[in-house]
Number of protein chains: 2
Amino acid sequence: MDRADSPSGARRRGPAPEYSLARIADAAVALADAEGLGAVTMRAVAADLGTGPASLYRYVGNRDELVEAMIDRVHGELDHRGVPSGDWRADMLALARGNRVLYLRHPWLLDTVESATHSGPNAIAYLERALGALSVVDADPTAKFEAIGVLNALVVMLTRSETATASDAATALLHARFAEAAADGAHPHLAAALTDRSPDQTPEDRFERIVLRVLDGLIAPRA
Amino acid sequence: MDRADSPSGARRRGPAPEYSLARIADAAVALADAEGLGAVTMRAVAADLGTGPASLYRYVGNRDELVEAMIDRVHGELDHRGVPSGDWRADMLALARGNRVLYLRHPWLLDTVESATHSGPNAIAYLERALGALSVVDADPTAKFEAIGVLNALVVMLTRSETATASDAATALLHARFAEAAADGAHPHLAAALTDRSPDQTPEDRFERIVLRVLDGLIAPRA
DNA sequence: CTCAACTGCGAACAATGATCGCAATAACAG
DNA sequence: CTGTTATTGCGATCATTGTTCGCAGTTGAG
């Protein structure tokens with residue numbers, strides 16, 4: 001019942017595995033990048049590899065495991081060397097920036113946050129980096145875990161709002177509903193806020209400003 | 001192609017609708033509360049109402065619309081009167097607290113954050129309240145929207161971690177992987193952080209402390 | 001050479017979201 | 001009162017998807 005592919009030292013019996021978890025995950029990632037996570041069906045991935053869906057189950061227990069493999073695979077794209085630099089603020093900002101570009105490059109990652117916990121090797125390596133960055137801070141580990149978690153949630157939220165373009169149907173609907181609510185007289189503050197648009201700020205600036213502020217709030221002087 | 005149920009003034013022709021969006025949403029909410037969002041299939045909801053799946057489509061365009069109705073329905077459980085009180089910090093904390101209990105009562109809401117945007121009437125009413133609370137703050141509307149969004153993301157994340165009990169399979173797996181990584185020698189900071197457990201703090205305290213800190217960081221003195 | 005372990009995968013199954021069409025019903029027009 | 005029409009309830013049915021079964025083919029071990 002074990003998986004094909006797994007590096008169990010010596011070559012086992014039977015034919016050598018024709019595919020690999022990495023190849024399958026790559027195909028799935030390509031599909032998700034192009035058409036969203038919903039397009040990642042076992043059939044579609046298998047078809048892209050030129051085989052049938054059943055073959056994939058030699059490498060993956062189920063679809064969730066495939067998604068997990070995808071997640072960890074793209075997490076490997078990040079290069080966080082030099083992150084425990086001593087300046088924890090800069091370090092955390094760098095980690096956040098890295099996650100941001102990762103989410104922008106693979107927007108489907110934003111859809112996996114709530115279903116699958118990112119706990120693959122690369123995600124754990126990331127956590128190790130973050131803890132390393134915070135090792136110079138005098139706070140108890142629980143607070144550090146919290147800070148990392150909050151930071152990640154923040155990055156997800158910010159990137160999600162960055163990804164929501166007006167061309168998107170859901171976003172258009174949202175705006176329409178806002179406008180409607182603002183016009184019905186029962187939502188004065190909303191109406192005011194919508195008319196009083198304050199403008200252009202690059203996404204990057206917005207991102208860094210908010211991340212830094214939250215960081216400062218989180219790791220405030222001990223009470 | 002219009003929906004049954006919708007209050008189009010005078011009674012229309014044909015038989016009076018036997019169900020209603022509200023009743024259907026209630027049944028679905030009950031199902032989700034008991035067995036999770038995955039248990040909310042058209043068939044299951046219909047069966048709970050004593051009918052077939054096709055009937056629901058007179059009241060709902062598709063499953064996503066049903067989930068949206070569920071979301072807005074439970075958002076109506078919150079009573080946020082007295083929230084624009086003048087003390088914006090207290091107001092925002094109260095709103096956050098309200099959302100927290102809502103998420104704890106209906107954990108499946110945490111699974112809807114990324115798929116469906118919460119933009120029903122009750123969600124918009126919530127937004128209006130929050131904007132009202134922040135109306136006494138001198139900041140541009142964009143920043144206020146951001147603050148509200150960040151606050152919500154924060155509440156979601158904190159409540160999610162509160163919901164993840166050790167009895168949960170996913171959480172158990174996560175802890176196992178952490179322990180494994182901590183033991184392999186390549187993750188010293190993780191190992192240190194895991195052994196150095198700092199203890200007991202009520203979830204409520206944790207929640208309020210973090211929310212207040214982030215709020216203070218967000219609405220920091222203008223730069 | 002034989003056997004056992006292993007892989008690839010076509011065929012099939014169950015569950016689910018969704019559609020179609022028709023019978024039943026009730027307001028409306030005359 | 002009758003015929004028309006808009007509307008509802010819903011059984012039957014379809015397409016899609018995740019997943020399993022079983023078997024043929026392959027390869028190393030004894």
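**Close-ups of a predicted model: DNA strand D and the chain A–chain B interface**

**View 1. Who sits around DNA strand D.** Out of 26 residues around DNA strand D, the ones that come nearest are A:R43, B:E18, B:T51, B:A54 and B:R58. Bear in mind that this is a predicted model. Sort the residues of this surface by class and you get twelve nonpolar, six polar and eight charged. On the DNA side, 50% of the strand D atoms within 4 Å of the protein belong to sugar or phosphate, and the rest to bases.

**View 2. Polar side chains at DNA strand D.** B:R58 has a side-chain N or O atom 2.7 Å from a base oxygen of the strand. For B:Y19, the partner is a phosphate oxygen, 3.2 Å from an N or O atom of the side chain. B:R13 puts a polar side-chain atom 3.3 Å from a sugar or linking oxygen. Elements giving two or more residues to the surface near strand D are helix 2 (42–48) and helix 3 (53–56) of chain A, plus helix 3 (53–56) of chain B.

**View 3. Chain B against chain A.** Here 52 residues of chain B are in contact with 52 residues of chain A. The two chains bury about 4400 Å² between them, with carbon and sulfur atoms giving 60% of that. B:E114, B:E128 and B:R213 supply 17% of the area chain B buries against chain A, more than any other three residues.

**View 4. A salt bridge between the chains.** The side chains of B:E146 and A:R209 pair up at 3.4 Å, N to O. Between chain B and chain A the count is eight salt bridges, and 16 residue pairs are in polar contact. Helix 7 of chain B gives the most to its side of this interface, with ten residues.

Conventions. Residues are numbered from 1 along each chain as its sequence is written. Chains are lettered from A and ligands numbered from 1 in the order in which they are written. This is a predicted model: local features need pLDDT of at least 70, side-chain atom pairs count only at pLDDT 80 or more; totals for chains, interfaces and linings use all residues. Side-chain values use heavy atoms; hydrogens and water are left out. Contact means heavy atoms within 4.5 Å. Buried area is the accessible area (1.4 Å probe) that two parts lose on being put together, summed over both. A salt bridge is a side-chain nitrogen of Lys or Arg within 4 Å of a carboxyl oxygen of Asp or Glu. A polar contact is a pair of N or O atoms within 3.5 Å; within protein, one must be able to donate a hydrogen and the other to accept it, and residues adjacent in sequence count only if both atoms are side-chain atoms. Helices (H or I, at least four residues) and strands (E, at least two) are DSSP runs, numbered from the N terminus. A residue is near a molecule or strand if one of its heavy atoms lies within 4 Å of it. Ala, Val, Leu, Ile, Met, Phe, Trp, Tyr, Cys and Pro count as nonpolar, Asp, Glu, Lys and Arg as charged, and the others, Gly among them, as polar.
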